[in-house]
Amino acid sequence: MSELQGLNRQELPKLLAVVTDSRDLAIIILGLRHGFRSSEIADLRLTDLDLDNLLIRVRRGKGSETNNHDLADGPQALNELTVLRRALAERPVNSSPFVFVSQKGGKLHRSQIFRIFQQAATKAGLPRQKRHYHCAKHTLAFNMLKSGATLPETQKYLGWKSLATAGRYLAVTDETACQAAKNAFNVETA
């Protein structure tokens with residue numbers, strides 16, 4: 001298996017800045033905020049959205065658990081609610097039950113989701129290994145753990161049945177190990 005890589009603090013704003021289409025921006029931001037796989041975001045239905053209560057039902061594939069997440073706005077939430085509402089307002093009027101539809105009104109295929117992300121990542125100048133939609137899920141997992149989330153919290157949010165899956169995102173580098181060693185003796189004295 002290849003090394004898991006997420007977007008760093010410089011790459012994330014570069015990626016978002018190059019996306020001008022409201023549907024494509026919503027697809028990318030929801031991937032970053034909720035860790036969707038390309039097939040899961042393609043399968044997202046209008047009935048999975050509860051905009052009155054600001055909830056989104058995340059139906060996972062690959063045997064992972066389905067759960068409900070909050071929808072939020074603000075910089076820490078990548079303004080997902082505003083972006084999602086804009087995408088829904090610009091969505092072609094049709095009878096499709098899916099949130100994200102093609103120009104002809106049909107369901108997007110997961111390969112189209114992949115291409116949307118790949119084109120934006122290429123335009124943003126991201127490295128080749130970060131030009132796939134699953135990179136959004138990696139980014140979320142790494143950032144949750146880096147910001148202090150526990151392994152069980154990360155596991156639950158991303159729907160993984162195994163704690164070991166979440167543990168793959170505990171990236172230990174020389175830098176983080178050295179900082180942990182420095183913190184070992186940061187004891188306050190009275």
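**Exercise 1.** Determine in which helix of this predicted model Ile28 is placed, whether Ile28 is buried or exposed, and which residues beyond its sequence neighbours are in contact with Ile28.

*Solution.* Begin with the secondary structure, where Ile28 is found in helix α2. Next take the relative accessibility, which for Ile28 is 0%; since buried means under 20% relative accessible area, Ile28 counts as buried. Then set aside the neighbours within four places in sequence, after which the contacts of Ile28 are Leu15, Leu16, Val19, Ile116, Phe117, Ala120 and Tyr133. As a last step, compare sequence with space for the pair Ile28 and Thr154: they are 126 residues apart along the sequence, and their C-alpha atoms are 20 Å apart.

**Exercise 2.** Identify the buried residues of helix α7, and explain why they line one face of the helix.

*Solution.* Helix α7 covers residues 151-158, and its buried residues are Thr154, Gln155 and Leu158. Viewed down the axis of α7, these buried residues fall within an arc of 100 degrees, and therefore they line one face of the helix. The elements against which the buried residues of α7 pack are α2 (22-34), α6 (134-146) and α8 (163-167). Finally, look just past the helix, where α7 is followed by Gly159, a residue whose phi is positive, near 80 degrees.

**Exercise 3.** Locate Phe142 in the secondary structure, and decide whether Phe142 is buried or exposed.

*Solution.* Phe142 belongs to helix α6. Its relative accessible area is 17%, and because the cut-off for buried is under 20%, Phe142 is classed as buried. For a distance to check in the model, take Phe142 and Ala121, which are 21 residues apart along the chain and whose C-alpha atoms are separated by 18 Å.

**Exercise 4.** Describe the order of the elements in the protein, and explain why the protein is as compact as a globular protein of that length.

*Solution.* Count the elements to find 9 helices and 3 strands, which run α-α-α-β-β-β-α-α-α-α-α-α from the N terminus on. The radius of gyration is 18 Å, close to the 16 Å that the globule rule gives for 190 residues, so the protein is as compact as a globular protein of that length. Along the principal axes, the C-alpha trace spans about 65 × 35 × 35 Å. Turning to burial, 42% of the 190 residues count as buried. Among contacts with a separation of 6 or more, 57% are accounted for by residues 24 or more positions apart. To finish with the surface, the protein exposes about 10900 Å², of which carbon and sulfur atoms supply 51%.

Conventions
Residues numbered from 1 in each chain as written. Predicted model: local features only at pLDDT ≥ 70, side-chain atom pairs only at ≥ 80, totals over all residues. Heavy atoms only, no water. Buried < 20%, exposed > 50% of the residue type's maximum accessible area, 1.4 Å probe, protein only. Helix = DSSP H or I, 4+ residues; strand = E, 2+ residues; numbered from the N terminus. Arc of directions from axis to C-beta. Contact = heavy atoms within 4.5 Å. Rg over C-alpha atoms; globule rule 2.2 N^0.38 Å. Areas by Shrake-Rupley, 256 points an atom, 1.4 Å probe, with all protein chains shown as cover.
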